[in-house]
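Open the model in your viewer and keep the sequence panel beside it. The tour moves from the whole chain to single residues.

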Amino acid sequence: MSWWQALLGFSAGLLISVVTTPVGVSGAVFLLPVQLSVLQVPNSAVTPTNLLFNVVATPGALLRYRERGHLGGPLTRLLVLGTLPGVVIGALVRVFLLPGPGVFRLLVVCLLFPLGLWLCVRTVRPARGHGALDGPSAPTITALAVAVGTVGGMYGIGGGSLLGPILVGRGLPVAQVAPAALATTFRGPGTLLTGSYAKDGSAGQGVARSG
């Protein structure tokens with residue numbers, strides 16, 4: 001690992017986490033192209049490195065939300081309980097069914113392109129007020145959390161970047177969605193890091209292996 005890789009990796013992680021955590025996103029999804037294209041991180045280390053980043057980047061914001069009384073409630077419980085099994089399923093799919101680097105890069109494109117397109121559209125054409133919406137039902141939220149958790153387990157992202165826009169677009173306030181999404185971003189990767197990814201020591205070694 002060269003000095004410029006270490007500096008770039010540190011700077012990218014710091015900048016992304018500072019900008020994204022206030023809105024319930026750890027920013028791991030934005031680290032994917034940095035790791036693959038800039039730092040040349042090996043494919044096998046990208047997912048566990050992202051999971052470790054989620055665990056490190058989110059506790060500060062979670063503590064702040066807890067001090068203000070914004071952490072907890074039924075939304076947080078539904079998202080966490082739904083995301084945990086989804087993350088395990090996604091990790092198994094990633095390890096046993098889609099281990100190759102070519103397939104993984106294709107999956108990254110399939111995730112980042114629609115997400116970037118969504119963000120561009122929402123920026124150019126902001127959504128109208130949703131005051132009349134009651135928000136999704138509890139079963140819908142749970143099913144959504146399982147689906148997002150599965151995607152998160154495959155890519156090594158917490159899922160807040162996917163859950164946030166969907167829930168806010170369905171009428172839930174940002175102040176309620178942000179801490180709940182951030183809690184799922186922390187709990188899901190934390191579960192995997194204590195299990196399958198931690199056992200081979202690959203988490204956190206991505207940049208080191210690229211040197």
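**Stop 1: the end of helix H2**

Select valine 38. It sits in helix H2, residues 28-38. Valine 38 is partly exposed, because its relative accessible area is 40%, between the 20% limit for buried and the 50% limit for exposed.

Now add Trp3, Trp4, Leu7 and Leu8 to the selection. Together with Val38 they form a nonpolar patch on the surface. The accessible area of the five together is about 530 Å². Which helix gives the most to this patch? Helix H1, residues 3-20, does, with 4 residues. For the spacing, recall that an α-helix has 3.6 residues a turn, so residues three or four places apart point the same way.

Stay in H2 and select glutamine 35, which lies in this helix too. Is glutamine 35 buried or exposed? It is buried, because its relative accessible area of 5% is under the 20% limit. Show its contacts, leaving out residues up to four places away in sequence. Glutamine 35 touches Gln40, Val41, Val46, Thr49 and Asn50.

**Stop 2: the whole chain**

Zoom out. This is a predicted model. The protein has 10 helices and 0 strands. Read along the sequence, the pattern is α-α-α-α-α-α-α-α-α-α.

Colour by burial next. Of the 211 residues, 44% are buried. The protein exposes about 10,600 Å², and carbon and sulfur atoms supply 70% of that area. Then look at the contacts with a sequence separation of 6 or more. Residues 24 or more positions apart account for 83% of them.

**Stop 3: the loop between H3 and H4**

Select threonine 58. It is found in the loop between helix H3 (43-57) and helix H4 (59-67). Threonine 58 is buried, with a relative accessible area of 0%.

Draw a distance to serine 26. The two C-alpha atoms are separated by 6.1 Å, although the residues are 32 apart along the chain. Apart from neighbours within four places in sequence, threonine 58 is in contact with Ser26, Leu182, Thr185 and Phe186. Keep Thr185 displayed for a later stop.

**Stop 4: from the H4-H5 loop into H5**

Move to glycine 73, in the loop between H4 and H5. Glycine 73 is partly exposed, at 28% relative accessible area. Which distance separates the C-alpha atoms of glycine 73 and alanine 180? It is 8.4 Å, for residues 107 apart along the chain.

Step on to threonine 76, in helix H5, residues 74-97. Threonine 76 counts as buried, because its 10% relative accessibility is under the 20% limit. Beyond residues up to four places away in sequence, threonine 76 touches Ala180 and Ala183. Alanine 180 therefore appears at both residues of this stop: it is the partner in the C-alpha distance from glycine 73, and threonine 76 touches it.

**Stop 5: helix H7 and what follows**

Select helix H7, residues 138-155. How many residues does it have, and how far does it reach? It has 18 residues and reaches 26 Å from first C-alpha to last, close to the 26 Å expected at 1.5 Å a residue.

Mark its buried residues: Ile141, Leu144, Ala145, Val148, Gly149, Thr150, Gly152, Gly153, Met154 and Tyr155. Glycine 156 follows H7, and its phi is positive, near 80 degrees.

Continue to glycine 159, in the loop between H7 and helix H8 (160-169). Glycine 159 counts as buried, at 2% relative accessibility. Its C-alpha is separated by 6.4 Å from that of glycine 149, 10 residues apart along the chain. Setting aside neighbours within four places in sequence, glycine 159 is in contact with Val148 and Thr185. Thr185 is also a contact of threonine 58.

**Stop 6: colour by confidence**

Finish with pLDDT. The average over the protein is 74, and 79% of the residues score at least 70. Among the elements, H7 has the highest mean pLDDT, 85, and helix H10 (residues 206-210) the lowest, 42. Now select residues 201-211. Here the pLDDT is below 50, and the stretch has 34 contacts in the model beyond near neighbours in sequence. Where pLDDT is low, the predicted coordinates should not be read in detail.

Methods. Residues numbered from 1 in each chain as written. Predicted model: local features only at pLDDT ≥ 70, side-chain atom pairs only at ≥ 80, totals over all residues. Heavy atoms only, no water. Patch = residues over 30% accessible without salt bridge, like charges linked within 9 Å, V, L, I, M, F, W, Y side chains within 5 Å. Areas by Shrake-Rupley, 256 points an atom, 1.4 Å probe, with all protein chains shown as cover. Salt bridge = Lys/Arg side-chain N within 4 Å of Asp/Glu carboxyl O. Helix = DSSP H or I, 4+ residues; strand = E, 2+ residues; numbered from the N terminus. Buried < 20%, exposed > 50% of the residue type's maximum accessible area, 1.4 Å probe, protein only. Contact = heavy atoms within 4.5 Å. Expected span 1.5 Å × (residues − 1). pLDDT = per-residue confidence, 0-100.
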